[in-house]
Every structure is written in structure tokens, then in C-alpha cells.
Amino acid sequence: MEAIIVTGGLGFIGSNLIKILSNKRYFIINIDKVSYASNFNNIPKNIKNYKFYKLNINNQNQIYEILNKYKPKVIYNLAAETHVDKSIDGPKEFIDSNILGVFNLLEAIRNYVKKISLKFIHISTDEVYGDIVGKIKSKEGDCYKPSSPYAASKASSDHLVNSYIRTYKIPGIITNCCNNYGPNQYPEKLIPRIIYNIINKKEIPIYGKGENVREWIYVDDHCNGLIKVAEKGIIGENYNIGSEHVFNNIELTKKIILIYKKIDQNIKYNYKIKFIKDRPGHDLKYSLDSSKIKKKLKWSCQYSFSEGIEKTIKWYIKNFNNNYFKNKDYKKRIGLKI
């Protein structure tokens, strides 16, 4: 049975990727340092052929030992600090995880691949391209212009991966994805926060004037894109993974309210949007050109936005009520430090 490593597998995207991989007859090794956004509830209790390691990817020696022990076919690197607001309040942890962590992971792989080959899939973000006002979509190969400490740390990790691919012949591929949503997402992010406030009959806070534009992909579509890249992607290439579901934050909020009301037709509350102080350095627009992965690897999204949001809303209705998220820090406003 072939082994697969997922770093950050207790998090949102990583745990959803593990669920899909668990149906494909792999032995899955989950490496996660167990941070505030990690959640053991994200992994099914009955999962088979699975091993968990509580481990920081900065621990190069232990990573190397795991590589030698399991000889994985693929490593999906999803271990990262991801919340822009937290990076504004405290950038250091983002440097430690997203740059130094990737460096140590690459060093372990560099020493390991002298013995046996694998594919290293480094998962990045559309935010590395920066604000695209005046452009239609970001393409692979476009200049990086990150605006936040989070985006800068991810851009740095992408550059590190590319340098190791060229200099040390690491068998790596970088993917850049748009905003994800779906089950298991820690509620500090926009879509679960909107759903949380609808459930609790609260005003829905939106930054600035609500004009910021983002592209949204259902997490299973992203995960299936990652699997397609691992199966058919070319070493040294970059692949954008997007959905073409692009909305500004006001449009997004109204769509979620409308779909929520269709799910729960007994709702009487008139939900209101509350505009709040914007975060520093807030980019206006991100959007990806995903034609490369569609044409070269024959991947496409399977979920419409309405289908994905309906599944997401139903999941949060169930799990917000059963204390799924033990850490309640998501209720606090952050990202205002300048």
C-alpha cells in the first residue's frame, strides 16, 4: 500500500484532503503541530490505514526519519499559518511556519531524495500575486506582489520551493488556490463567520465598504485538484486552482443569507450587514486564471457555488450546535494593529 504524507492534516483543507485520500487505498501519514486551528474532530474516528504524528515541520530530523520509514509516494504540504488578520497582529509565527518550516521540510526532502523519488506538492495561495485591480486574472508566472505578512510568507515559501527544484532537483510542484470554503473550516474566516452570525441572529460584519472581490472554491474541488496535480502534474510547474465563482463581499453575504433562508424557511430575523473598520493593506481583488490545470490535467470544479454553500451551511448548522470548535478565539476581532 503506497504511503501519502499530509502536513497540516488536522486543519481545514488538510483534513478534507485526508478524507478523500482515505477512500483511495493509501496509507496516510498526518503530520500536524496541533495549533489553535487544528482539530482532532476533523478526522473521522473510523479512518483506516492512518498514522498521526504531532510534529512541527521545523523538526527536520524527525521529518527525515518519517520519510525513511514510510517512503511516501506524495507529500502534500498544507502546514501553514493562513489567517491574514493574525499575520497583521503577529507576523513572527508566519515567518516561523511558512518560511522556516518550509525550509526545514525541503532540507529533509533534499537529503531523502538521494535515495528514492517522490512528488512534493506545495500548496500556496492566490494572495501571493497581490492586488489585481486593472487586471482580469492572475496567471502562473505573473510577478508576485504580496501585501500582507501572510501573503509575503507564502510568497517566500514558493520562492524557496522553486529554488530547491532548480538547484537540488527536488521533485516539487506548486499550486496556488483561491479562497476555500466548506466543512471543518475554523470560523475566523469570512464564510463560516457569516454563517455563525446568521445562526446566532447577529449583524454580519464586513470590512470597509464590502467591495473587496474574491474567488471561492468548495474545498473538495480544491482537494481533487491537488490529487490530479500529484497524479499528472509536471515536476517544476505551477498550477492555479480556481473556480470562476467571483463575488464582492456584499454579493457573497447576500447569496449566503438567501441560501440559508431556503434551508431554514422558518427564519423571521432580518439579517443586516454591518460595515466595520477595514484591515490595513487590504487588497481589493484576487482572481485566478485556471485554464492551465483545466487544459493540461483535465481538472474542473464539480460543485456550483450554490451546491457548495448549501452543503457548508448544513454542516455548520449541525456542528456549531454540538461544540465542534472548542477554541472560541474566532469570536474576537483582530487584524487592526499597525
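Select I174 in this predicted model. Opposite I174 stands N238, a residue of β10. Now show the whole of both strands: β6 and β10 are parallel and share four bridges.

Stay on β6 and colour its residues by accessibility. Six of the six residues in β6 are buried. On one side these are G172, I174 and N176, and on the other I173, T175 and C177, so both faces of the strand are covered.

Next, select I121, whose bridge partner in β6 is I173. The strands β5 and β6 run parallel and are joined by six bridges. To follow the chain between them, show residues 149-168: this is helix α5, through which the chain crosses from β5 to β6 in a right-handed β-α-β crossover.

On the other side of the tour through β5, pick N77 and H122. H122, in β5, is the bridge partner of N77. Their surroundings are β4 (residues 74-77) and β5 (residues 119-125), parallel strands with four bridges between them.

Zoom out to the full sheet. Seven strands make up this open sheet, ordered β3-β2-β1-β4-β5-β6-β10, with parallel pairing. Which strands stand at the edges? They are β3 (50-54) and β10 (238-241); each has a single partner strand, so one side of each has no neighbour in the sheet. Between neighbouring strands the average turn is 20°, ignoring direction.

Two helices on this sheet are worth displaying. Select residues 60-70 for helix α2, which packs on the sheet and touches β1 (3-7), β2 (27-32), β3 and β4. The direction of α2 makes about 175° with that of β2. Then select residues 219-232 for helix α7, which lies across β4, β5, β6 (172-177) and β10. Helix α7 runs at about 145° to β5.

Move to the sheet of three strands. It is open, has the order β7-β9-β11, and its pairing is mixed. At its edges are β7 (179-181) and β11 (246-248), each paired on one side only. The twist from one strand to the next averages 45° here. Select V213 and N248: V213 stands opposite N248, which belongs to β11. Strand β9 (residues 213-218) and β11 are antiparallel and joined by three bridges. Add residues 249-263, helix α8, which packs on this sheet with contacts to β9 and β11. The α8 direction is at about 100° to that of β11.

Finally, turn to charged side chains. The structure holds ten salt bridges. Show K33 and E93 as sticks: their side chains form a salt bridge, at 3.8 Å from N to O. K33 sits in the loop between β2 and β3 and E93 in helix α4 (residues 92-112), so the pair links parts of the chain 60 residues apart. K33 is partly exposed at 29% relative accessibility, and E93 is partly exposed at 41%. Add E81, which is linked with K33 and E93 in a network of salt bridges.

Further along helix α4, select E107 and R110. Their closest N and O atoms are 2.9 Å apart, in a salt bridge. The two residues lie three apart in α4, about one turn of the helix. Is each of the pair buried or partly exposed? R110 is partly exposed at 21% relative accessible area, whereas E107 is buried at 11%.

The last stop is D142 with K135, a salt bridge whose closest N and O atoms are 2.7 Å apart. D142 is partly exposed at 23%, and K135 is partly exposed at 39%.

Methods: Residues are numbered from 1 along each chain as its sequence is written. This is a predicted model: local features need pLDDT of at least 70, side-chain atom pairs count only at pLDDT 80 or more; totals for chains, interfaces and linings use all residues. Side-chain values use heavy atoms; hydrogens and water are left out. Two strands pair if DSSP finds at least two bridges between them. Axes are lines fitted to C-alpha atoms, for helices over the stretch in contact, and angles run from 0 to 180 degrees between N-to-C directions. Contact means heavy atoms within 4.5 Å. Buried means under 20% relative accessible area, exposed over 50%, partly exposed in between (1.4 Å probe, protein chains only). A crossover is right-handed if, with the strands pointing away from the viewer, the path from the first strand over the helix to the second runs clockwise. A salt bridge is a side-chain nitrogen of Lys or Arg within 4 Å of a carboxyl oxygen of Asp or Glu.
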